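This report takes up one helix of the model, then the chain that holds it, and then the way the two copies meet.

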There are 2 protein chains.
Amino acid sequence: MQVINPEWTTTEEAIAKKAFDIAYKREIDSLMDSVRSKVNSLAEIDDIWDLHDFLSVKRHEIDGRYDYRLPMIIFVFAGLVKDGWLNITELEGLNANKIAKIVALAHM
Amino acid sequence: MQVINPEWTTTEEAIAKKAFDIAYKREIDSLMDSVRSKVNSLAEIDDIWDLHDFLSVKRHEIDGRYDYRLPMIIFVFAGLVKDGWLNITELEGLNANKIAKIVALAHM
């Protein structure tokens, strides 16, 4: 198996990228559903400003979370597993050491 | 007629407060319609961030605009007339000097 990163095989990279994309799509789809739901029950101006606050927080979280760089991806995956955007089984194929690190970090 | 402010009669104050509230409700209703329309055509993540940017601008505008203090209300009304949230006829009953100032400022 070709190694292009000292710690990541090309197979692992493909698994990582796919898992990253799945989690991102999952979180974005959830965000869109939340926005639609909030707007469906829009009744007064405070609901608009609550929506604005909600989007400010989500934008900050999502911008900070989805940083696809292999040296940091273990931490990204740990956060995604912890917050429920990724299931650890979706990382199957990464070596056992990486999985163990992600699980440990996700429980912190 | 009772005068509680050296320049504003109680009748004028009532007219000003009513016009202020009308413009506010009109702008908020319009904002809610815009948000509903944007969310109806939500397709991708950039649409969410565009909505967030839009709400940031509107919140800043609306927070800055609706300042009900009589000494400044001439300027507030001029801005509302200029931007189409208030019709000058909705200020009928203010004295001619105030109306003239509002019209002049609205054309600046």
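## Helix α3 and its surroundings

Helix α3 of chain A, covering residues 70–82, has 13 residues and reaches 19 Å from its first C-alpha to its last, close to the 18 Å expected at 1.5 Å a residue, where the expected span is 1.5 Å times one less than the number of residues. Helices (H or I, at least four residues) and strands (E, at least two) are DSSP runs numbered from the N terminus. The model is a predicted one, in which local features need pLDDT of at least 70 and side-chain atom pairs count only at pLDDT 80 or more, while totals for chains, interfaces and linings use all residues. Residues are numbered from 1 along each chain as its sequence is written, and chains are lettered from A and ligands numbered from 1 in the order in which they are written.

The buried residues of α3(A) are A:Ile73, A:Val76, A:Phe77, A:Ala78, A:Leu80 and A:Val81; a residue is buried if 20 or more other C-beta atoms, placed from the backbone, lie within 10 Å of its own. These buried residues of α3(A) pack against three helices of chain A, namely α1, α2 and α4, as listed here.

| Helix of chain A packed against α3(A) | Residues |
|---|---|
| α1 | 10–40 |
| α2 | 45–65 |
| α4 | 96–106 |

After α3(A) comes A:Gly84, whose phi is positive, near 85 degrees.

## The chain as a whole

Chain A contains four helices and two strands, and from the N terminus on its elements run β-β-α-α-α-α. Its C-alpha trace spans about 60 × 25 × 20 Å along the principal axes, and of the 108 residues of chain A, 20% count as buried.

## How the two copies meet

In chain A, 15 residues are in contact with 15 residues of chain B, two residues being in contact if their C-beta atoms, placed from the backbone, lie within 7 Å. On the side of chain A that touches chain B, α1 and α2 of chain A each supply at least two residues, and the largest share, eight residues, comes from α2(A).

A rotation of 179 degrees with 0.0 Å of shift along its axis superposes chain A on chain B, with an RMSD of 0.1 Å, the fit being by least squares on the C-alpha atoms of residues with pLDDT of at least 70 in both copies. The two copies are therefore related as by a two-fold rotation axis. In chain A, the C-alpha nearest that axis belongs to A:His52, 3.2 Å from it. The same surface serves both copies, since 100% of the contact residues of chain A recur in chain B.

Conventions: Buried ≥ 20, exposed ≤ 12 C-beta atoms within 10 Å, placed from the backbone.
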